[in-house]
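Dear colleague,

Please find below the structure that I am handing over to you. A description of what was found in it follows, arranged so that it may be read beside the model.

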Amino acid sequence: MGFLGVLQCGHIEIDTHLITALVERWRPETHTFHFSVGEATITLQDIAVIWALPVEGNTVSLLYLRHMENIDEESTSNWGTAVLAYLYRELCTASQRGKTNIGGAMQLLQIWAWSRIITLAPIPSNNVADLMPTIDDPENILPVPPYARRWSYHISQTHTAHNAIRIIRNTLDRMQENEFIWTPYLHGLPELQSLPAYATRTPWNIRCPLINYSIVEMHHVERVLRQFGMIQDIPRTHSSVNDVYTRSIGVVVVGKIG
């Protein structure tokens, strides 16, 4: 069941200050966040590990609930790619001057940031009881809930100090190499070992278009190879969003292990 993992993860309060600071560092030309330690972004790997969504299968649209008519077959639909394409588009829109709102998978974005930026993250739960399924899974598709479940007990308070955004901005601007975790998903993680096949069959380090109905955004993993434990070369310079699409046609597995 494609959405079982999302249901297992529970609720997380959104930290709007953190989201704002991340949007300020998003570049639409490359679909990456620009930090002092280098470029980083949300990839198909994060979609699969954090929420256990399928990253292969039939192209779907988040606009049409008809895809939910038979929930038992939703693992054959590529919801992971649709979610990521829509999140990319929302980040690109929100990063424009004068924009004040953003939609999309904000919980996913926040957990991605918490998992990698150690100076901004709460301590995730390592209690085995906290990681047990909370929703019936008779076929044992997900014996251990996805990675996002670790963070469901850490809620950002709505009465956050008014200068929190300034603190987060300064933290990101001064971030050192040892304060960013490039590969947070270690092979020993129980969540990684229990991922269903539909979340892992497709290689995560592929440069490809992400499609969600009329939305098409590029998956530029060649710019964030360190997130896959690979050697990062100097990324190609893109002068505009149109330049990105002109040069990035097709599906290509990229990167090499050091």
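**Helices H3 and H5**

The axes of H3 and H5 come within 11 Å of each other, and they cross at roughly 95°. The two helices are therefore roughly perpendicular. Please bear in mind throughout that this is a predicted model.

Which residues meet where these helices cross? On the side of H3 they are Gln-45, Asp-46, Ile-47, Ile-50 and Trp-51, and on the side of H5 they are Gln-107, Leu-108, Ile-111, Trp-112 and Arg-116.

**The surroundings of H5**

Helix H5 covers residues 106–116, and 10 of its 11 residues are buried, so the rest of the structure largely encloses it. Among the buried residues are Met-106, Leu-109, Gln-110, Ala-113, Trp-114 and Ser-115. Leu-108, Ile-111, Trp-112 and Arg-116, which take part in the meeting with H3, are also buried.

What does H5 pack against? Its buried residues are packed against three helices, H2 (16–23), H3 (44–51) and H4 (79–94), and against two strands, E2 (32–35) and E3 (38–40).

**The nonpolar core**

In soluble globular proteins, nonpolar side chains tend to be buried together. In this model, the largest nonpolar core contains 64 residues. Those with the most contacts inside this core are Phe-35, Ile-50, Trp-51, Leu-108, Leu-109, Trp-112 and Trp-204.

Two or more residues of the core come from each of H2, E2, H3, H4, H5, helix H6 (164–173) and strand E4 (206–212). Helix H4 gives the most, with nine residues.

**The three-stranded sheet**

Strands E1, E2 and E3 form an open sheet in the order E1-E2-E3, and the pairing is antiparallel. Strand E1 (26–27) and strand E3 stand at the edges with a single partner strand each, so one side of each has no neighbour in the sheet.

How many bridges join E1 to E2? There are two bridges between these antiparallel strands. In this pairing, Trp-26 stands opposite Phe-33 in E2. The hairpin of E1 and E2 has four residues between the strands, and His-31 takes a positive phi near 55° there.

On the other side of the sheet's order, E2 and E3 pair in the antiparallel sense over three bridges. The hairpin that joins E2 to E3 passes through two residues. Phe-35, already named for its contacts in the core, stands opposite Gly-38 in E3.

**Strands E4 and E5**

Strand E4, which contributes to the core, pairs with strand E5 (residues 215–219) in the antiparallel sense over five bridges. The bridge partner of Cys-208 is His-219 in E5. Two residues lie between the strands of this hairpin, in which Tyr-213 takes a positive phi near 60°.

**Aromatic pairs**

How many aromatic pairs does the structure hold? There are nine. One of them is formed by Tyr-147 and Trp-151, whose rings lie 6.4 Å apart from centre to centre with 65° between the planes, an edge-to-face arrangement. Both Tyr-147 and Trp-151 are buried.

Ring pairs also link Trp-26, Phe-33, Phe-35, Tyr-88, Trp-112, Phe-180 and Trp-182 into a cluster. Several of these names have appeared above: Trp-26 and Phe-33 stand opposite each other in the pairing of E1 and E2, while Trp-112 is one of the buried residues of H5.

Yours sincerely

Note on methods:
Residues are numbered from 1 along each chain as its sequence is written. This is a predicted model: local features need pLDDT of at least 70, side-chain atom pairs count only at pLDDT 80 or more; totals for chains, interfaces and linings use all residues. Side-chain values use heavy atoms; hydrogens and water are left out. Rings of Phe, Tyr and Trp (its six-membered ring) pair if their centres lie within 6.5 Å; planes under 30 degrees apart count as stacked, over 60 as edge-to-face and the rest as tilted. Buried means under 20% relative accessible area, exposed over 50%, partly exposed in between (1.4 Å probe, protein chains only). Contact means heavy atoms within 4.5 Å. A nonpolar core is a set of buried Ala, Val, Leu, Ile, Met, Phe, Trp, Tyr and Cys residues joined through side-chain atoms within 4.5 Å. Two strands pair if DSSP finds at least two bridges between them. Axes are lines fitted to C-alpha atoms, for helices over the stretch in contact, and angles run from 0 to 180 degrees between N-to-C directions. Angles under 35 degrees count as roughly parallel, over 145 as roughly antiparallel, 65 to 115 as roughly perpendicular and the rest as oblique.
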